[in-house]
Amino acid sequence: PKAQAELKKFGFVGVCAGKGLEAILKDIGIDEVIEGGQTMNPCADDILKAAEKVSAETVFVFPNNKNIILAARQAAEIETAKKLVVIPTKNVPQCISAMLSFSGESEDNEKNMTEAAGLVKSASVTYAVRDTVVDGITVNSGDIIGVADDGICCSEPTTREAVLKSLEHIVDLDEHAVISIYYGEGVGEEEAEALSAEIESKYDEFDVVCKCGGQPVYYYILSAE
């Protein structure tokens, strides 16, 4: 049948919150973007619906949040018409890195993309909603905190200080070469550009990329690879 002939071999579904991040995912080849984030995690059914819209034999799914990985895996078990392969990405920077390692010819895409995602170190900068002590760090309500892959890495009075401290936590000067900064919906372009320039002068050996992510909740999403 004609419809069958139009199926491409591979397709991609990714989850994110923020118009800027959505545009970035589409630019790198994600076919369907599901809106979802910290407060609105899509369920297996949402993931299945998105995958059904993609005319491909195999659809790679990027949950881009540790709380969505399980729903993605459930969707992969339920889906019968096509093969769903979950790459267990915890954030958008990991998804971008995974997509860049994709090769249409390779038999090892799942392995290669999972490995590429795992090499990205990332942190998100947000505000604390309550007083607490986490991982030995005292956090006061209203502080700006950096949350890395291994938990809260800093609690600072300003966004700028939290970004710089978070980068110190995630950047390996010997291993990494690129720092990416995605600024959120409440952050002005000038502020982000000024901070980016400061980071460039501090990490002068690095390529520093600054983009508007437009994500809610997180003032900045940072990554090093």
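**Why these labels apply: strand β12 and a negative patch**

Tutor: In this predicted model, five bridges link β12 to strand β10 (residues 178–183), and the two run antiparallel.

Student: What makes β10 and β12 count as paired strands?

Tutor: Pairing requires at least two bridges between two strands, and β10 and β12 are joined by five, so they count as paired. Within this pairing, I181 stands opposite L222 of β12.

Student: How do you know that β5 pairs with β12?

Tutor: Strand β5 (residues 121–127) is joined to β12 by five bridges, where at least two are needed, so the pair qualifies, and its strands run antiparallel. The bridge partner of V125 in β12 is Y220.

Student: Why is strand β12 described as mostly covered?

Tutor: A residue is buried when its relative accessible area is under 20%, and five of the five residues of β12 (residues 220–224) are buried. Both faces are covered, with Y220, L222 and A224 buried on one side, and I221 and S223 buried on the other.

Student: Why is E189 called exposed?

Tutor: The cut-off for exposed is over 50%, and E189 has a relative accessibility of 52%, so E189 counts as exposed.

Student: Which residues make up the patch of negative charge on the surface, and which helix gives the most to it?

Tutor: The negative patch gathers E189, E190, E193, E200 and D207, and helix α8 (residues 189–202) gives the most, with four residues. E189 itself lies in helix α8.

Methods:
Residues are numbered from 1 along each chain as its sequence is written. This is a predicted model: local features need pLDDT of at least 70, side-chain atom pairs count only at pLDDT 80 or more; totals for chains, interfaces and linings use all residues. Side-chain values use heavy atoms; hydrogens and water are left out. Buried means under 20% relative accessible area, exposed over 50%, partly exposed in between (1.4 Å probe, protein chains only). Patches are made of residues with over 30% relative accessible area and no salt bridge: like charges are joined within 9 Å, nonpolar side chains (Val, Leu, Ile, Met, Phe, Trp, Tyr) within 5 Å. Accessible areas come from the Shrake-Rupley method with a 1.4 Å probe; for residues, only the protein chains shown count as cover. A salt bridge is a side-chain nitrogen of Lys or Arg within 4 Å of a carboxyl oxygen of Asp or Glu. Lys and Arg count as positive and Asp and Glu as negative; His and the chain ends are not counted. The place of a charge is taken as NZ of Lys, CZ of Arg, CG of Asp or CD of Glu.
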